[in-house]
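User: Please take a close look at one part of this model, the sheet that carries the helix packing described at the start of your answer, and then set that part in its wider context.

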Number of protein chains: 2
Amino acid sequence: MLKDYAKSEIPSEEEITRKLKEERARLSGFQLRIKEAGLPVMVLFEGWSAAGKGAVIGKVIRNIDPRFFKVAAMDRQPNDEEKRYPFLYRYIREIPEAGKFRFFDTCWMEEIVDGVVDGRLSGEEYRKRVHSINVIERQLCDNGYLVVKFFFHISKKEQKKRLKALKSEKDTSWRVDDDDIKQNKHYDEFMDVFDRYLTDNNQSRAPWYIIDAENKRWAELQVLEFLNQGIDIALQNHTANVPILQNIFPMDKPGKLSDISLSDKTLTDEEYDLELNRLQKELAELGNKVYRKKIPVIIAYEGWDAAGKGGNIKRITAALDPRDFVVEPIASPEPHEKARHYLWRFWTRLPKTGHITIFDRTWYGRVMVERLEGFCTENDWQRAYNEINEFEKELSEWGAVIIKFWVQIDKDTQLARFTDRQNTPEKQWKITDEDWRNREKWDLYEGAVDEMLEKTSTAFAPWHILESVDKKYARIKALKTVIDEIKKVL
Amino acid sequence: MLKDYAKSEIPSEEEITRKLKEERARLSGFQLRIKEAGLPVMVLFEGWSAAGKGAVIGKVIRNIDPRFFKVAAMDRQPNDEEKRYPFLYRYIREIPEAGKFRFFDTCWMEEIVDGVVDGRLSGEEYRKRVHSINVIERQLCDNGYLVVKFFFHISKKEQKKRLKALKSEKDTSWRVDDDDIKQNKHYDEFMDVFDRYLTDNNQSRAPWYIIDAENKRWAELQVLEFLNQGIDIALQNHTANVPILQNIFPMDKPGKLSDISLSDKTLTDEEYDLELNRLQKELAELGNKVYRKKIPVIIAYEGWDAAGKGGNIKRITAALDPRDFVVEPIASPEPHEKARHYLWRFWTRLPKTGHITIFDRTWYGRVMVERLEGFCTENDWQRAYNEINEFEKELSEWGAVIIKFWVQIDKDTQLARFTDRQNTPEKQWKITDEDWRNREKWDLYEGAVDEMLEKTSTAFAPWHILESVDKKYARIKALKTVIDEIKKVL
């Protein structure tokens, strides 16, 4: 987990300042709702020595009324008294009460990791303890607790620098002990043990958030964002039928549809023809390579009605050997499909190795049309973000190339194209009353799409935006993206 | 899991016949409710070769309308076509639709176990696949599926005998192939791999049931009992707030309160004095041993009002060094306790190693008074059976001796004692209006107690009944039980 952790780039100082302001306000705004809902919030801080856990805890609690939180400093081995109880005992004693926060300055992870590194815990004992922790965390969640877990991550170099700085200062040198030095010296071995634990204990009810802690304000912002997101979900779970599970995968930050500039994304006919020709040739070759190397490719199209999905797909397939690909147009599910897990009809349409399947509309219908038309419960679509990420993770682990396109146009462009379809006899079949009805819900859909992009742009299956007011531009960008993504695995 | 599997003794032929009749009727009775609830039921049969999976499947389906079930025969390695999809693909294709059964004659376990034994799967690949299976099983349950998993267990000797018998018969010899012979030859290695998988994949949403398959009718009965119990829970989960998890621990069969004969459980004063004296001496010595060996002991008392808990506890404590034990009378929780996980107030009252804590009433209040007085939701107390088993498992893994007493009297005896308390000034403090109110709910409580005994008599923390119409008898039995249980660990 720690090893394949994709570090996302640090926002500008201004952006950090702006967002810190937002998230701090959001957290203190949550206080009362947490109290009213009687939600106990348990926040675990773990990570490398000198990663700045304490400093961030100090900043986070400033946003909370002192009556509503306590900090539990557990950053020490159990004393002789505590050793005479189950290892969980001293932590469980500290769990928060309903409506209050409890911040753990290191928790059960630290004790176990040290045990493994010092050789005090056998592999079997380690497995037992991780199991016990997974059980108690699940029990806490089932009984209405929010459990949020942060791992503060810094590089070996950064840690060394910080330890040195602390040591050199008279009034901080006491904070550096031999264990810290040892950890930096054996950074890689610790990395292995951390990574194993984070993976074994990474549960969707209580996921691990890796915090990039090289920059302190950025670290605070990440903590606040994840904490607020967790609180948001937990407050919903108080009425949820099945608990909404949190994302446990590294995410890209895609941004909102409204931030996408469209007008400047155009191509002349000359540029287009030239590029199209060149790129289709290239894709044709790659298609053969993919076939020979038995790599499965999944291309998923979502986008507004009349955004130009069909024409875009044609430009991809035109380059491919008809025996190697299939296009799957996804309409509303058949009765025998509706009667099964909503991902079943996509599982059964997967390409085999060496083949390419292009989905014209996809499993994301769950969090768009099914959400907005009420075809599933709120709990179903809320849960779906995590389930879909798990589904795509499974496919990427299998070795599939996953390319997800959102084809974007603005509302006026859609109107123009609808009207054109209406008035052109040979295009009329393309426009239905439903298209007009959906159009009326544009804003609702835009909100759902933004949430979808935010919650399903994983590092292993990110979304790609195709700006399609100029369809030529979108087609070229699609071809380029497919080519780049395939190249990555060849 | 397979290794510490405690084989419970086979009922008499008559009892098997009687219960088979019941459970078969119960299953076919469930059919329509399953259809109405739209519950998809997925039943996995795994286990040793020649353990009789197919035979039992054949019997189970006789109780179900052919339109409502299919059998998926997956007992083979994936073919070349299937190898070109994710390993889950060929199984997921077979999942049942809403309201129907699908019986898998071996499923993803078999493929993985073979891969490990043949060395085709590395440790890392094994872990990944188990993780994928845990995720998909969780997703299926979250989306309303019932997943029931049976492992058919027979001894090496029995397997050898059956393979030989099959081989010798002309028309069955084809059913024995080299892999079966190999499995019997390397029985212990297979045992290791099976055990590891069953442990790694034993989830409370989809637990593993080990079926003792040495006797075929007994095997069928176990399957029907677990299947019906799973269906029962799944039908409740359709309206559950948080899914009710199923028991994943080996159970004792305790029987019902109404089956307990009381009148014949008596002692003369002479017998009593003699025994009491002898046993208290013995317990005193054991108490010291426990202290020196640093073994924690937990004695839990539950029982009817006026059953004689207090006097019974006194006879135990009288034998112990006051510095080594504490009695915890459990009343309704304080506000600061109510505000936390309901087991918190018991976690924080645990004995330390070498000490003995006697709980006068316990965490089982959750599934008795809190259930019947509506102090928690149905979902809360339904979930509690599993949570309590997990709690006690944690304590027994820690090394604690756990002794659970149910102090049993009949309704008339209680009335006599209530009246006596009423009419004896120095006893009046012992009787309250609440006692009388509870007494009116005797039958409700008896039902709750029977369910509690059935669902929490685990192999590691079974219930002991103290027949207490003759309090002398109950006290002696309590002393003997405590002595026996402590001796087991010394």
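Analyst: In chain B, helix α18 (residues 442-456) lies across β9 and β10, and its direction makes about 140° with that of β10(B). Contact here means heavy atoms within 4.5 Å. Axes are lines fitted to C-alpha atoms, for helices over the stretch in contact, and angles run from 0 to 180 degrees between N-to-C directions. Helices (H or I, at least four residues) and strands (E, at least two) are DSSP runs, numbered from the N terminus. Helix α19 (residues 471-489) of chain B lies across β6, β9 and β10 of chain B, at about 155° to β10(B).

The model is a predicted one: local features need pLDDT of at least 70, side-chain atom pairs count only at pLDDT 80 or more, and totals for chains, interfaces and linings use all residues. Residues are numbered from 1 along each chain as its sequence is written, chains are lettered from A and ligands numbered from 1 in the order in which they are written, and side-chain values use heavy atoms, with hydrogens and water left out.

The sheet beneath these helices is open and has five strands in the order β7-β8-β6-β9-β10 (chain B), with parallel pairing; two strands pair if DSSP finds at least two bridges between them. At its edges stand β7 (325-329) and β10 (463-467) of chain B, each of which pairs on one side only. Neighbouring strands are turned by 20° against each other on average, direction ignored. Within the sheet, seven bridges join β6 (residues 297-303) of chain B to β9 (residues 401-408) of chain B in the parallel sense. Gly303(B) has Val407(B) of β9(B) opposite it.

Chain A also holds an open sheet of five strands, ordered β2-β3-β1-β4-β5 and paired in parallel. Its edges are β2 (69-73) and β5 (208-212) of chain A; each has a single partner strand, so one side of each is left without a neighbour in the sheet. From one strand to the next the twist averages 20°. Strand β2(A) is joined to β3 (residues 101-105) of chain A by five bridges, in parallel, and Ala73(A) has Asp105(A) as its bridge partner in β3(A). Helix α4 (residues 108-117) of chain A packs on this sheet, where it touches β1 (41-47), β4 (146-153) and β5 of chain A, at about 30° to the direction of β1(A).

The two chains meet in a contact that takes 62 residues from chain A and 62 residues from chain B. The area buried between them is about 5,000 Å², of which carbon and sulfur atoms give 49%; buried area is the accessible area (1.4 Å probe) that two parts lose on being put together, summed over both. In chain A, Arg84(A), His341(A) and Trp347(A) lose the most area to chain B, together 14% of what that side buries. Ten salt bridges are found across the interface, a salt bridge being a side-chain nitrogen of Lys or Arg within 4 Å of a carboxyl oxygen of Asp or Glu. One of them links Arg340(B) and Glu97(A) at 3.7 Å, N to O.
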